[in-house]
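Morning, everyone. Please look at the sequence and the model on the screen, and I'll walk you through them.

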Amino acid sequence: MTVHNLELGNSILNQFVLELRDIEIQKDAMRFRKNIERIGEIISYELSKTLEHETKTVQTPLGSKKILVPKKELVLCSILRAGLPLHQGLLNYFDNAENAFISAYRDHKNDNDDFEVVVNYLAAPSLQDKTLVLADPMLATGKTLENTFRAMKEHGTPKQIHIVSVIGSKQGVAYAKEVFPEDTHLWIAAIDDELSSKSYIVPGLGDAGDLSFGVKL
């Protein structure tokens, strides 16, 4: 797996990550969602440089021009519900892409630290020979991404996989390297050192789904 850790460069992206982490700014759910969306847009731009391109000719009022553009064989898949703002950022740039959605959640049995990742909804087009972009803002343990990828295999084998995340842990990144194909690309805005006893990223930012859409029961 090739890891693109975008926090290592000088970029406005780091300002958006700072605001996502700030406990005061987090109180504004709309701004929180917008910052994730903007991070998705920045990652889309960087990711687009690695896609297959083709030459197209466009007719202008005064003539024609050949332009190199990405091929339209993209499927964007977001993990509900936290992935929705990130998905919108990707879709703002890859507006011709096909879309997929999958629900995955942690099931903490008996309220202890151990959990299973449960997948119980999937809507997706064929992935056969297409480029799959998996969007999940928080890459904590990597198990959610693993189970999501397993569930999607019935829809075909993509020719290329890109994972897009906002914040990950070193452990989660290492686990993703083990379970995804070697030629997978991970695009991430920041990588933190630790996981808590309940497998939340530290310092992280909290629960991205709750901060975006409100606390769930």
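**A hairpin and a pocket**

Let's start with one pair: H53 has P70 of strand β3 as its bridge partner. This is a predicted model, where local features need pLDDT of at least 70, side-chain atom pairs count only at pLDDT 80 or more, and totals for chains, interfaces and linings use all residues. Residues are numbered from 1 along each chain as its sequence is written, and side-chain values use heavy atoms, with hydrogens and water left out.

Now the strands. Strand β2 covers residues 53–60. It pairs with β3 in the antiparallel sense, over 8 bridges. Pairing requires at least two DSSP bridges between the strands. A strand is a DSSP run of E, at least two residues, and a helix is a run of H or I, at least four; both are numbered from the N terminus. Between β2 and β3 sit 2 residues, and the two strands form a hairpin.

Is β3 buried or in the open? None of its 8 residues, 63–70, is buried, so β3 lies largely in the open. Buried means under 20% relative accessible area, with a 1.4 Å probe and protein chains only.

Next, the whole chain. It has 6 helices and 12 strands. Of its 217 residues, 46% are buried. Along its principal axes, the C-alpha trace spans about 65 × 40 × 30 Å. Residues 24 or more positions apart make 65% of the contacts with a separation of 6 or more. Contact means heavy atoms within 4.5 Å.

Key
Buried means under 20% relative accessible area, exposed over 50%, partly exposed in between (1.4 Å probe, protein chains only).
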